[in-house]
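Me: I'd like a close look at one part of this model, the protein surface next to the DNA. Could you walk me through it?

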Protein chains: 2
Amino acid sequence: MPRRHNNHGEGRSTESAPLFAALGDRTRLRIVARLCSGGPMSITHLTSGSRVTRQAISKHLRVLEAAGVVRAKRRGRESLWQLERRRLQEARRYLDVISGQWDEALARLRKFVED
Amino acid sequence: MPRRHNNHGEGRSTESAPLFAALGDRTRLRIVARLCSGGPMSITHLTSGSRVTRQAISKHLRVLEAAGVVRAKRRGRESLWQLERRRLQEARRYLDVISGQWDEALARLRKFVED
DNA sequence: TTTATCAGCAACCATATGATTGCATATAGT
DNA sequence: ACTATATGCAATCATATGGTTGCTGATAAA
């Protein structure tokens with residue numbers, strides 16, 4: 001039996017979990033927010049204005065990187081971290097489905113493909 | 001200074017974290033998926049076809065409930081759990097912003113308000 | 001009124017997680 | 001070369017988390 005287009009059963013459904021888990025922490029979400037509005041920046045810059053240590057920020061960035069949310073470009077002695085928006089859009093699409101906005105998501109996808 | 005409409009700084013940004021955290025677990029995401037496609041169901045029904053115990057499912061449902069993702073209606077001796085799609089849509093809107101789909105999100109919001 | 005079913009509570013356990021401190025390494029600037 | 005800056009690695013620690021087992025209470029069905 002062929003797969004339905006709206007199949008969100010056991011198979012694929014849970015592979016978004018690590019992505020959501022990566023966003024499920026206050027400190028990490030703050031990092032994401034800063035990278036979103038402030039563009040690429042270094043660890044030390046992210047640390048300034050944060051309550052936690054540079055190491056903490058560093059480890060969180062690794063978690064976000066593992067989830068595909070951020071990406072680093074080494075530049076000299078510092079590495080600039082930036083958002084990986086494509087991955088975030090996947091999470092958004094998943095939420096489209098389970099939040100009951102499936103048809104609007106389809107429309108958006110269609111428009112996206114036709115461009 | 002008045003707040004900008006696109007302010008997603010420290011203040012509001014991190015309050016979505018518990019919501020994402022709730023979705024950041026395989027078992028819970030499986031629960032959400034089943035509730036999404038199968039409609040309201042009891043704990044024991046959710047447990048059938050799952051590897052984990054009924055207590056595990058029960059605890060996960062409490063987590064999801066605390067995050068506002070699910071809601072229970074007591075009916076006799078069993079309680080039927082269902083999705084709280086509105087809450088999921090908030091998470092989606094947040095992802096709209098940080099995934100760089102802000103303008104499309106605006107359009108959707110506008111349409112939502114005008115209805 | 002028994003009996004079976006559905007759920008809640010509590011204790012417990014292993015592991016994951018967020019955060020820290022201390023030291024090491026690499027590059028930029030002087 | 002020397003110094004300051006930016007990052008990486010490792011050990012450590014307290015707590016959170018996911019999961020289990022065992023028992024208790026409530027309601028439907030016989």
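Which residues are the closest to DNA strand D, and how many surround it?

Reply: Bear in mind that this is a predicted model. DNA strand D has 20 residues around it, and the closest are A:Ser42, A:Thr44, A:Glu78, B:Thr53 and B:Gly76. Both chains show up in the elements that supply at least two residues each: helix 4 (43-47), helix 5 (54-66) and strand 2 (78-83) from chain A, plus helix 5 (54-66) from chain B. Helix 5 of chain B gives the largest share of that surface, five residues. Sorted by class, you get ten polar, six charged and four nonpolar residues near DNA strand D.

Now look at DNA strand C. Here 19 residues surround the strand, with A:Thr53, A:Gly76, B:Ser42, B:Thr44 and B:Glu78 as the closest. Two or more residues apiece come from helix 5 of chain A and from helix 4 (43-47), helix 5 and strand 2 (78-83) of chain B. For DNA strand C, the largest share is the five residues from helix 5 of chain A. The class split for this surface is four nonpolar, ten polar and five charged.

Helix 5 of chain A also packs against protein. Its axis and that of helix 3 (residues 26-38) of chain A come within 10 Å and cross at roughly 80°, which means the two helices of chain A are roughly perpendicular. On the helix 3 side of chain A, the contact uses A:Thr27, A:Arg28 and A:Ile31, while helix 5 of chain A brings A:Ala56, A:Ile57, A:His60, A:Leu61, A:Val63 and A:Leu64. Six residues of this contact are nonpolar, two are polar and one is charged.

A:Leu64 turns up again as one of the contacts of A:Val69, which, leaving aside neighbours within four places in sequence, also include A:Ala22, A:Val32 and A:Leu88. A:Val69 belongs to the largest nonpolar core, which has 49 residues; A:Val32, A:Val69, B:Val32 and B:Val69 touch the most other members. Helix 3 of chain B is the top contributor to this core, giving six residues.

As for how the chains meet, 32 residues of chain B are in contact with 32 residues of chain A. On the chain B side, helix 1 (10-13), helix 2 (17-23), helix 3 (26-38), helix 6 (85-98) and helix 7 (102-114) each supply at least two residues. Helix 6 of chain B has the largest share there, eight residues. That side of chain B is made up of twelve nonpolar, eleven polar and nine charged residues.

Terms used: Residues numbered from 1 in each chain as written. Chains lettered and ligands numbered in written order. Predicted model: local features only at pLDDT ≥ 70, side-chain atom pairs only at ≥ 80, totals over all residues. Contact = placed C-beta atoms within 7 Å. Helix = DSSP H or I, 4+ residues; strand = E, 2+ residues; numbered from the N terminus. Nonpolar A, V, L, I, M, F, W, Y, C, P; charged D, E, K, R; others polar. Near = placed C-beta within 6 Å. Core = buried A, V, L, I, M, F, W, Y, C linked by C-beta atoms within 7 Å. Buried ≥ 20, exposed ≤ 12 C-beta atoms within 10 Å, placed from the backbone. Axes fitted to C-alpha atoms, helices over the stretch in contact; angles between N-to-C directions. Parallel < 35°, antiparallel > 145°, perpendicular 65-115°, else oblique.
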